[in-house]
Amino acid sequence: MDIVGNVLPQVLKDEATEDKGEMARLQSFVGAIAVADLVKTTLGPKGMDKILKPTGPGQEMTHITVTNDGATILKSMYVENPAAKILIEISKTQDEEVGDGTTTVAVLAGELLREGEKLIQKRIHPQHVIAGWRIARDVALKRLRDISSENDIKSQEFHNDLVKIARTTLSSKLITQDRDYFADLCVKAVLRLKGSSNLDYIQIIKLPGGTIRDSYLDDGFILKKQITIGCKRRIENAKILVANTAMDYDKIKIYGTKVKVNSMDKVAEIEAAEKEKMKNKVDKILKYQPTVFVNRQLIYNYPEQLLADSNITVIEHADFEGMERVAAATGAEILSTFDAPERRDQVLGHCDLIEEIMIGEEKMIKFTGCKKNEACTIVLRGSSIHILDEVDRSIHDVLCVLTTTVKNRRVVWGGGNSEMQMAAACEEEAKKVQGKQALAIEAYARALRQIPTIICDNGGYDSAELIQNFNVELQKGNLTSGLNMNDGTIGDMQELGVKECMRVKEQAVMAASEAAELIMRVDDIVKCAPRKRDRA
Amino acid sequence: MSLAFDDYGRPYIILRDQGQKKRMKGLEAYKSNILAAKAVANTLSSSLGPKGMDKMLVSPDGDVSVTNDGATIVEKMEIQHPTAKLLVELSQSQDAEIGDGTTGVVVLAGKLLEQALTLLDKGIHPLKISDGFDRACDVAIKHLETISEEIDIQANDNEALVQAACTALGSKVVSKRKRELGKIAVTAVLDVADLARRDVNLDLIKIQTKTGGSVEDTRLISGILIDKDMSHPQMPKEVKDAKICLLTCPFEPPKPKTKHNINISSADDYKKLYLQEQQYFVDMVKLVKNSGANIALCQWGFDDEANHLLLQNELPAVRWVSGTDVELIAMATGARIIPRFQEITPEKLGKAGCVKEVQFGTSNERMLVIENCQCTKAVTILIRGGSQMIVDEAKRSIHDAICVIRNLIKDNRIVYGGGSAELACAIQVLQYADEVSSVEQYAIRSFADALEGIPCCLADNCGLNPITSVAQAKALQLKENNPRIGIDCMELGTIDMKEQRIYETLSSKKQQIQLATQVVKMILKIDDVIAPDDY
């Protein structure tokens, strides 16, 4: 019904709903802020973890996840509210783009909207708020770039920076106790990549058992497979042939073939021919004179025996990723045809030693001294699979941040320093701007300042006092000050060695502003009728 | 539905399942139709103009999209009401024909219907109303042409085109970067435009999206970007001076369409067949290699063995390239699409300066860029943004901007935006109304009121007082005889749209008024709706 009482005809489908104006805005604010509040408590070194429990029947019910990683939490949640979905979306993008800061981005967007809601209540038009935010964002990013520093990639300082960044990132994770150990481990792994950002070369193997401390970095490459029975368990100076080929009787690929014979003899003949075909293939492979043969597909008993007879160690049914890594690490070419033994030197991979090792209870194959020394393996140990999963996520975050840093090279001080500085820049700017936008710029500064405030709150400290003192320190000109979350005081980040990657912050601020703006611009939510599913 | 009964009290059955049908007729039908159409127009009206708001749409599967584009909003609302659906089609035909102004056309139709409702209440016959609207529409279109100006699109580094693109982008979420994006769109269109024929084939502009980064990272690639990587992980990631072989046949043994059987009856046959099969692969690769090609793009898949043979022969290859991409690459590189291996000849190869793989972010996604194509007639706009929704909306916005630029190249006459053109037409229509002595006079006058509704709506969305600002602008237009006075949406301090440089294409404006009038006429002609009762 409209205001005068006329019954309006129904325009949308049954069950579809439309919310306009204030109602729509309220709905999106509530949703987005709820999501931000949910992940808020995981922020910072004293953040708490969440247990994620899957819904629905079946075995998966029992598999729970314990995590502190914003992206993982948000990804696993089913939300109905469209604005909340936007927040989850940006968190995912942050994960893909830089790998860390997934919680920060959702919290920042949520805080921006919380401030935005207050402005709307003061009857300021959303477009004015957005205009202000845009100014603020640019000012904040400019300040962020100004305060960042850069070291030469080969210098010792840069190496130290990396270790510090890794420590800072790890301090908010489960393994914060052993962060020095893991920071060192991750930096070593990333430096092996020599500037490339291909994380494929760093393999992470999770094995329950032992303690977290027993995790180690192996400079070789470990394949989670076993050497086929009857082959040598230790090969020195190995020549490796990596293949992706069917080692069975090799189906004929020509379309429409059928074997049709008229006597038993012929069957035997064809069987012999099949065998011969396999033997031919093995012979061809032998011409390459490898000492190790790795195949992605299954190897049948017959060729396996032939290969073993020629003293070749056979590894079958390697997974696809593992194959590519073996090939990359040992400098081998992945072969599918074997007609050019003269290219032997180009196609064979090489490594000093291949041996079967035992990690915990499992047998694995270890390749050491590979031709291309980029690959390495991080073996994670821990008392339960939940811990290992969480450590894996943490290590992944750190590796992402480190590769991003290697690419971008700019670093800023941690401990909330960059947020406070950006907030200060926004406040300075607000004084110069005429019009209502200035209120939005101030709001932006408050939202940025919320990040260190939440970190304090999560640590159980008096955030109001700490943040005020922090601000005073910055005003005094101590530009390296920041939150010391161990003692709950304001400390010098330079002394504490807390550094963060500039690119992560930059991306978080950009993505959060974009998302907040997107939600702010909405004045109408139309929900279509849900698709009916046949419960047949 | 009302029924007629015979002497025995039995109903006359006229329609099939008469009892289950609902019927509305006469004034009731008019009003119901108009109200439904108005409901749609009302939803869109707050999206009009540079300060318009967005709509959040949740699809039946729960996917969220946020947009400001009229055509997209009405399409995703899943409207059920038959009359309201007419407005959806209206918006879509504007989108298909012009590409921009999809919100404006619906809002104008809504305003016209609003006026029609008051006229109906006065007791004027619907056909008289639609006649009046028709005559008013003609007057408005004529006036639009007299006030339009020709602009030199190439003057001052295509400044006019950039401005027009900025006007189109001004109302979108990407408005912050409208100048940069506008320039990208202009360069893209001019790269592929055929200025002699004044035509632009929009197929040559590929818009590729990738989440991550920010809208600022959006860039123009003078070449083609395809979301694929090399078929074998160890193939070279970069090919310079590429000679591209574009295949639409798989690197697999042939599969004849006729049904056939090959019977193997002896071991010799078996061996022969095996050799034959091997030969197929070798021949295929050889044919490609012999033509001088140094990269092969194929629409279909590769067999493992063929894939390795390609690697062995140092022939990088890409598989599963989509059909549209194949066509685009063919156009850009001058390659001929080769359907059979036997037909590969050196002349049929396409040439490009460089083909390389690029990687984004930490995720392992790679894309292939084909740069410096022989006939540099295809470009790609790579859109980046914080989330999928932003990227999607940016894509729609850039599409709008590209359409505007194309329209300007086709017809370089413009009118000024900010509601000034509508206001000028309204004044003209109002003058004309007084000359008409019949009932239509009222309809014509109402048409003028409806046109004024557009600047009113603009002002309303910008937080200005609509009545004051429209009255002020109108008075000034009459006083100075200047059709360029409009609403100062951006608060720049001037209401002369020429100074604000808000350009809109004449063709788009004309189309808007014509289409809106047509739909309104159609709705006014419906006096009976028969529908199943379960509405």
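**Exercise 1. How many cavities of 30 Å³ or more does the structure hold?** Then work out what surrounds the largest one.

*Solution.* Bear in mind that this is a predicted model.

- Step 1: Count. There are four cavities of 30 Å³ or more.
- Step 2: Get the volume. The largest cavity encloses about 160 Å³ of space.
- Step 3: Look at the wall. The lining of the largest cavity is made up of 15 residues, and those nearest its centre are A:Arg137, A:Glu514, A:Glu517, B:Val173 and B:Lys176.
- Step 4: Trace the wall back to its elements. In chain A, helix 5 (126-147) and helix 17 (502-520) each give at least two residues to this lining. Helix 17 of chain A has the largest share, with four residues.
- Step 5: Sort by chemistry. You get seven charged, six nonpolar and two polar residues in the lining of the largest cavity.

**Exercise 2. Do the same job for the second largest cavity: find its volume, its wall and the helices behind it.**

*Solution.*

- Step 1: The second largest cavity holds about 70 Å³ of space.
- Step 2: Ten residues line the second largest cavity, with A:Lys281, A:Lys284, A:Thr337, B:Tyr274 and B:Gln278 nearest its centre.
- Step 3: Two or more lining residues come from helix 8 (264-287) of chain A, and likewise from helix 8 (267-290) of chain B.
- Step 4: By type, the lining of the second largest cavity has five charged, three polar and two nonpolar residues.

**Exercise 3. Is A:Met247 buried or exposed?** Place it in the chain, then list what it touches.

*Solution.*

- Step 1: Find the residue. A:Met247 sits in the loop that links strand 8 (234-243) and strand 9 (257-259) of chain A.
- Step 2: Check the accessibility. The cut-off for buried is under 20% relative accessible area. A:Met247 comes in at 3%, so it counts as buried.
- Step 3: List the contacts beyond four places in sequence. Among them are A:Lys281, A:Val282, A:Ile285, A:Phe293, A:Leu298 and A:Tyr300.
- Step 4: Try a C-alpha distance. A:Gln297 is 50 residues away from A:Met247 along the chain, yet their C-alpha atoms are 7.2 Å apart.

**Exercise 4. Which strands stand at the edges of the 4-18-19 sheet in chain B?** Explain what being at the edge means for them.

*Solution.*

- Step 1: Write down the order. This open sheet of three strands in chain B runs 4-18-19, with antiparallel pairing.
- Step 2: Pick out the edges. They are strand 4 (149-150) and strand 19 (503-505) of chain B; each has a single partner strand, so one side of each has no neighbour in the sheet.
- Step 3: Check one pairing. Strand 4 of chain B is joined to strand 18 (residues 413-416) of chain B by two bridges. Across these strands, B:Glu150 has B:Arg413 as its bridge partner.

**Exercise 5. Now map the 4-16-19 sheet of chain A and find the helix lying across it.**

*Solution.*

- Step 1: Chain A has an open sheet of three strands in the order 4-16-19, again antiparallel.
- Step 2: Strand 4 (149-150) and strand 19 (499-501) of chain A are its edge strands, each pairing on one side only.
- Step 3: Strand 16 (residues 410-413) and strand 19 of chain A pair over three bridges. A:Val412 partners A:Glu500 there.
- Step 4: Helix 6 (residues 156-171) of chain A lies across strand 16 and strand 19, at about 90° to strand 19 of chain A.

Note on methods:
Residues numbered from 1 in each chain as written. Chains lettered and ligands numbered in written order. Predicted model: local features only at pLDDT ≥ 70, side-chain atom pairs only at ≥ 80, totals over all residues. Heavy atoms only, no water. Buried < 20%, exposed > 50% of the residue type's maximum accessible area, 1.4 Å probe, protein only. Contact = heavy atoms within 4.5 Å. Pairing = 2+ DSSP bridges. 1 Å grid on protein atoms, 1.4 Å probe; cavity = no way out; pocket = protein on both sides within 12 Å on 5 of 7 lines; lining within 4 Å. Points joined across faces, edges and corners; volume = space filled by probe spheres on them. Nonpolar A, V, L, I, M, F, W, Y, C, P; charged D, E, K, R; others polar. Axes fitted to C-alpha atoms, helices over the stretch in contact; angles between N-to-C directions.
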